[in-house]
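Colleague: I should like to learn how to read this structure feature by feature. May we begin with the terms and then turn to the case at hand?

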Amino acid sequence: MSGKKTVSMQNLADELGISKVTISKALNGKDGVSDELKKKIFQIADQYGYVLPDYGKRKSRKVGIIMSERFNSGDEGKFYMGMYERIVSELRKYSCSSVMVTPNRTTLNSDLQTLSDKGVFDGLIFLGILDGVVKKRLDRIPIPKVYVDVYDETHKSDSVVTENLYSTYEITDYLITKGHREIGFVGTVGSTTSITDRYLGYVRRLLEQGIKPKDEWNIPDRDEQGRAIRLQLPKELPTAFVCNCDETAFQMVKELKLRGLSVPHDISVVGFDNSIYAELCDPPLTTVAVDIEKIGRIAVRCIRKYMEHPDKKGGEVFRVPGQIVCRNSIKEIR
């Protein structure tokens, strides 16, 4: 089959050795086809330039993906851009187009006008933390919304998040099984819902073991605006630190080295996200991997549901479990 020729559903079916009905279901966003097979169908369709024949007859839905502009660049942006790309890929499977919108206080009025104009967007996906004032005003836009990696505090729309509390509970437990009982936490509690949930998971596991968390071992990593700050290490250190994210863990390892300490020989460090920082760190970090693909699938499933049924009530929270990835930043002590 050549991409220069007109391509039909039957061509795609013949190429993959499946029925034309299966091809039709996948390309039209209907149930009954596995995610793995859908992925193969869309890959071959893209490869050969296939265009759905009924595009002109049906409404093509458009989704606005709302992100903070600080996620467009830098190392923190790599994590969110990866999640953004996954969501866009999932939307394409269901013939939904998407546009990224990065509102701030300066552009808010014009962005609100664009987002609120009837017929411009059929739904909105909020990705990550936004400025509080910006988020509050965007919450009021009366079209279907889904929140990703952040909770909808109004409880009117679905939220899709990593299961932060129990994932951090488990990685704290992993440190305890390695003999650690003096364990600190690195992250500005209250700065984001994710950091707070991760802190609560860490505290819960310690308390269950009869270990009282020490305030001096709770080290902030960002200011009120969410900007990273230098980690201030106490004079007396624990044997291990649970960090709220890999970037913070990366910085912790650097600070410990400046003090002449070795990870993990002198102190163990774990992170969260399984981002590029986990691999760049020396030593590579034990961390919690976030299932970006599953988060993207659930987010798109939710927004499709509410775009098709705008009167349907939302508010459900989908928590996607993380998975511990073991590397070389932990030392077993007895």
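Modeller: Helices (H or I, at least four residues) and strands (E, at least two) are DSSP runs, numbered from the N terminus. With that numbering, Pro283 can be placed in the loop between helix H10 (276-280) and strand E10 (287-289). The peptide bond that leads from Asp282 to Pro283 is cis, with omega near 10°.

Colleague: What kind of model is this, and how are its residues numbered?

Modeller: Residues are numbered from 1 along each chain as its sequence is written, and side-chain values use heavy atoms, with hydrogens and water left out. This is a predicted model, in which local features need pLDDT of at least 70 and side-chain atom pairs count only at pLDDT 80 or more, while totals for chains, interfaces and linings use all residues.

Colleague: Where is the other cis peptide bond to be described, the one from Val263 to Pro264?

Modeller: Pro264 lies in the loop between helix H9 (246-258) and E9. The bond from Val263 to Pro264 has omega near 5°.

Colleague: How many helices and strands does the protein have?

Modeller: There are 11 helices and 12 strands. The C-alpha atoms fill a box of roughly 70 × 50 × 35 Å, taken along the principal axes.

Colleague: What share of the residues in the protein is buried?

Modeller: Buried means under 20% relative accessible area, exposed over 50%, and partly exposed in between (1.4 Å probe, protein chains only). Of the 334 residues in the protein, 48% are buried.

Colleague: How should one read a sheet, and which strand order does the sheet of six strands have?

Modeller: Strands of a sheet pair through backbone hydrogen bonds, either parallel or antiparallel. Two strands are taken to pair if DSSP finds at least two bridges between them. Here, an open sheet of six strands follows the order E2-E1-E3-E4-E5-E11, with parallel pairing. Its edge strands are E2 (97-101) and E11 (317-320), each of which pairs on one side only. From one strand to the next, the twist averages 20°.

Colleague: Which strands pair with E3 in that sheet?

Modeller: Strand E1 (residues 62-67) pairs with E3 in the parallel sense over five bridges, and Ile66 has Phe126 as its bridge partner in E3. Strand E3 (residues 123-127) also pairs with strand E4 (residues 145-148), again in the parallel sense, over four bridges. Across that pairing, Ile125 stands opposite Val146 in E4, and the bridge partner of Leu127 is Val148.

Colleague: Why is E3 described as largely enclosed by the rest of the structure?

Modeller: Five of the five residues of E3 are buried, so the strand is largely enclosed. Both of its faces are covered: Gly123, Ile125 and Leu127 are buried on one side, and Leu124 and Phe126 on the other.

Colleague: What is the order of the sheet of four strands?

Modeller: That open sheet has the order E7-E6-E8-E9, with parallel pairing. Strands E7 (218-219) and E9 (268-270) form its edges, each pairing on one side only. Strand E6 (residues 183-186) and strand E8 (residues 240-243) run parallel and are joined by four bridges. Phe185 stands opposite Val242 in E8.

Colleague: Which strands does helix H7 lie across?

Modeller: For such angles, axes are lines fitted to C-alpha atoms, for helices over the stretch in contact, and angles run from 0 to 180 degrees between N-to-C directions; contact means heavy atoms within 4.5 Å. Helix H7 (residues 164-177) lies across E6, E8 and E9, running at about 170° to E8. Helix H8 (residues 193-208) packs on the sheet and touches E6, E7 and E8, with its direction at about 175° to that of E6.

Colleague: Phi is another value to read; what is it near for Ser95 and for Asn274?

Modeller: Phi of Ser95 is near 60°, a positive value in a residue other than glycine. Ser95 lies in the loop between helix H4 (74-93) and E2, and counts as buried because its relative accessibility is 12%. For Asn274, phi is near 55°, likewise positive in a residue other than glycine. Asn274 is found in the loop between E9 and H10, and its relative accessibility of 28% is why Asn274 counts as partly exposed.
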